[in-house]
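Let's take a friendly walk through one protein chain, with the structure open beside the text.

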Amino acid sequence: MSTQESVTPSQGTSPAEAEVVDICRELIRFDTTNFGDNQGPGERKAAEYVAGLMAEVGLEPEIFESAPGRASVVTRMEGQDPSASALVVHGHLDVVPALREQWSVDPFAAEVKDGMIWGRGAVDMKDMDAMILATLRDFARRGIKPKRDLVFAFFADEEAGGDYGARYAVDKRPELFDGATEAISEVGGFSSTIGGKRAYLLQTAEKGLSWLRLVAHGRAGHGSQINTDNAVTRLAAAVARIGQHEWPIELTPTTRQFLDGVTELTGVEFDPDNPEIILKELGTVARFVGATLQNTSNPTLLSGGYKHNVIPETAEALVDCRTLPGQQEQVFETIRQLAGEGIELSYVNKDVSLEVPFAGNLVDAMVDSLKRHDPEATVLPYTLSGGTDNKSLSQLGITGYGFAPLQLPDELDFTGMFHGVDERVPLDSLRFGTRVLSDLLQNY
């Protein structure tokens, strides 16, 4: 189909639904690639666009930078009840890199084909950013006053840990979140077909983050000599042990509740000795869920040496560990033991795990808003194997959930497109999500 495929919504759609597609496409066209280590074009231009959309409808956004070009935007919409706790509704403006030669389309052109927007950020997470912006603009235009203050935030740097974004905002500008006790953001609320029924996965937990560096030490020497104290050999053996380690299956309360729900939908019981049986029932979300049944440790980078015939004194590796709630230090000690003698182990980046009950007024409101727009929906809690800016906000005592509601077609491998190639989101899913988000923010 043509990239000029119509994006005109059907008659009777709300103003928010009418503009969410255009906003999403414009956001994708801003190259906000985050290479880590404060490298990339930054988020400033996208932040200015976001702030302009807010100011256009009478809101008063603030743009602030943590470093040149590393911009975040925050505004507050006053609620009816000043005594009610505020809700933070947040997204991030940065994206991971995209190699043009790997994509079937230009990753920053935001082409529309096959009823979907294609581009880097369409899934993670400029789709949700657009839904938030379309909703807040609709509220402002129509004079809708939510029940409580809503703090709308669009952060820099989520894809590299948030030091230049949410973490900076929490450390340097905590007053922006005064009175807030809860938050919603990405990677939750999307649908998947399980047991022939549509289920929405509401994210109530996140694994912890442990990015580790291993440095092996040995004796430098000539490559032609016998060397039993070779740093490269020592490092390679350590990395192999870590990468091949089989972590035990351990179910957190959230994951256990999710699997119980899957059993109700499919009739298939969870077998800890053979988890693949129930994972097969989950379709495209199996990879997301499978990684939450245990701790993980994946070697991701090796470096050492500088010449073919020189044995180096040191060699280095990076390992990406994702830890179940409450097990971060235990995992660190296990990695230390696996690494063995002659290996220095340190944190490059460390962040908390999160887990909250699938209960409470906000959870009830999210479930109700989904069911009002999809009465047959089943809503299940789940654990995210990665992380979000809710980790940073938790330092202010703010409880975060993943709720970017999307009703998705069965054949779309949505979770496989996070950081993947040919990322895309259906137009109808964006419009559905905007309806649900508007419902939630108006009624909670």
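What follows covers the two domains, the interface between them, one histidine and several salt bridges.

This is a predicted model, in which local features need pLDDT of at least 70 and side-chain atom pairs count only at pLDDT 80 or more, while totals for chains, interfaces and linings use all residues. Residues are numbered from 1 along each chain as its sequence is written, and side-chain values use heavy atoms, with hydrogens and water left out.

**Two domains and their interface**

Domain 1 takes in residues 15-187 + 388-443, and domain 2 takes in 207-351; such bounds come from an automatic or database domain assignment. The centres of the two domains, taken over C-alpha atoms, are 31 Å apart. Where they meet, ten residues of domain 1 are in contact with eight residues of domain 2 (contact means heavy atoms within 4.5 Å).

How much area do domain 1 and domain 2 bury between them? The figure is about 780 Å², with 49% of it on carbon and sulfur atoms; buried area is the accessible area (1.4 Å probe) that two parts lose on being put together, summed over both. On the domain 1 side, K391, D413 and T415 supply 56% of the area buried against domain 2, more than any other three residues.

Two salt bridges are counted between the domains (a side-chain nitrogen of Lys or Arg within 4 Å of a carboxyl oxygen of Asp or Glu). D413 also has a salt bridge with R287, as the table below shows. Three residue pairs are in polar contact across the interface, both residues being at pLDDT 80 or more. A polar contact is a pair of N or O atoms within 3.5 Å; within protein, one must be able to donate a hydrogen and the other to accept it, and residues adjacent in sequence count only if both atoms are side-chain atoms.

**A buried histidine**

H92 is found in strand β3 (residues 86-92). Strands (E, at least two residues) and helices (H or I, at least four) are DSSP runs, numbered from the N terminus. Is H92 buried or exposed? H92 is buried, at a relative accessible area of 1%; buried means under 20%, exposed over 50%, and partly exposed in between (1.4 Å probe, protein chains only).

The H92 side chain reaches the backbone oxygen of D94 at 3.0 Å and makes a polar contact with the side chain of E158 at 3.2 Å. Leaving aside residues up to four places away in sequence, H92 touches D124, M125, D129, F155, E158, E159, E186 and D389.

**Salt bridges**

The whole structure holds 27 salt bridges, and four of the pairs are listed here.

| Pair | Closest N to O distance |
|---|---|
| R287 and D413 | 2.5 Å |
| R435 and E17 | 2.7 Å |
| E175 and R173 | 2.4 Å |
| R213 and E316 | 3.1 Å |

R435 meets E17 in a salt bridge. R435 lies in helix α12 (residues 427-443) and E17 in helix α1 (residues 15-29), so this pair ties together parts that are 418 residues apart in sequence. R435 is partly exposed at 32% relative accessibility, whereas E17 is buried at 6%.

R213 and E316 also form a salt bridge. R213 belongs to strand β10 (residues 208-217) and E316 to strand β14 (residues 314-323), so the pair ties together parts that are 103 residues apart in sequence. R213 is partly exposed at 29%, and E316 is partly exposed at 26%. E175, the partner of R173, is partly exposed at 38%.

Finally, a network of salt bridges links E19, E56, R137 and R141.
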